[in-house]
Amino acid sequence: MQISTGKVVLIDYTLTDNQNQTIDSSEGREPLAYIHGIGQIIPGLEKALAGKTIGETLKVAIAAAEGYGARDEAKVATIPRSQVQGAGELEPGMQLHAQNAQGEQVVTITKIEADTITIDGNHPLAGVDLNFDVTIREVRDATPEETAHGHAHGPGGHHH
Ligand code: ZN
């Protein structure tokens, strides 16, 4: 069975950046289970997996634009520290939920100074070229329940 829209796909993967640093991996965990063709994984990886079948391994280099997008410096802001409510100890790398005109947004603290903090609304992997090593473990039809829920069930998927 080939990977096409609506199939449940289980993959083992390792994700590295261009400096060969591992960003994420399914090693030691269950494979990742997703429903193909509905945007559950990044577009570049979904494109590369289409038409492949169980047992295949592939290396996929995905430019940032096809991954988590380019960095947008307009999403970086320096705000008064007093504007962060109810925050205890702040540290660079911490994520906060921020309210703005577009609604709630997750931002990462990148810098802390005496009176100000710098926050970055970019996805942590925005602007990062991604390299995936993928092994396809399973390809199967989605059950009616999975299709209705819009996600895969069982190992690597949702349990509920
Ligand atoms: Zn479900």
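Which residues does Glu56 touch, not counting those up to four places away in sequence? In this predicted model, the answer is Val134, Thr135 and Ile136. So let's start with Glu56 and then head over to the metal.

To find Glu56, look in the loop that runs between helix 1 (43-49) and strand 4 (57-62). Its relative accessibility is 29%, so Glu56 counts as partly exposed, since that label covers values from 20% up to 50%. The side chain of Glu56 also has a partner closer by in sequence: it reaches the backbone nitrogen of Thr53 at 2.8 Å. Now look across to Glu138, which sits 82 residues away from Glu56 along the chain. In space, the C-alpha atoms of Glu56 and Glu138 are separated by 10.0 Å.

Next stop, the zinc ion. Four histidines coordinate the zinc ion: His149 through ND1, and His151, His153 and His160 through NE2, at 2.0 to 2.1 Å. Why is the arrangement called tetrahedral? The 4 donor atoms subtend angles of 99 to 123° around the zinc ion, and four donors count as tetrahedral if all angles lie between 85 and 135 degrees. For comparison, the ideal angle for four tetrahedral donors is 109.5 degrees.

Along the sequence, the donor residues follow the spacing H-x1-H-x1-H-x6-H. His149 and His160 link distant parts of the chain, 11 residues apart: His149 belongs to helix 2 (residues 144-149), while His160 lies in the segment after helix 2. As for their surroundings, His149 is partly exposed because its relative accessibility is 37%, whereas His160, with a relative accessible area of 70%, is exposed.

Key. Residues numbered from 1 in each chain as written. Predicted model: local features only at pLDDT ≥ 70, side-chain atom pairs only at ≥ 80, totals over all residues. Heavy atoms only, no water. Helix = DSSP H or I, 4+ residues; strand = E, 2+ residues; numbered from the N terminus. Buried < 20%, exposed > 50% of the residue type's maximum accessible area, 1.4 Å probe, protein only. Contact = heavy atoms within 4.5 Å. Polar contact = N/O pair within 3.5 Å; in protein donor to acceptor, adjacent residues only side chain to side chain. Donors = N, O, S within 2.8 Å, 3.2 Å for Na, K, Ca; no water. Tetrahedral: all angles 85-135°; square planar, octahedral: opposite > 155°, others 65-115°.
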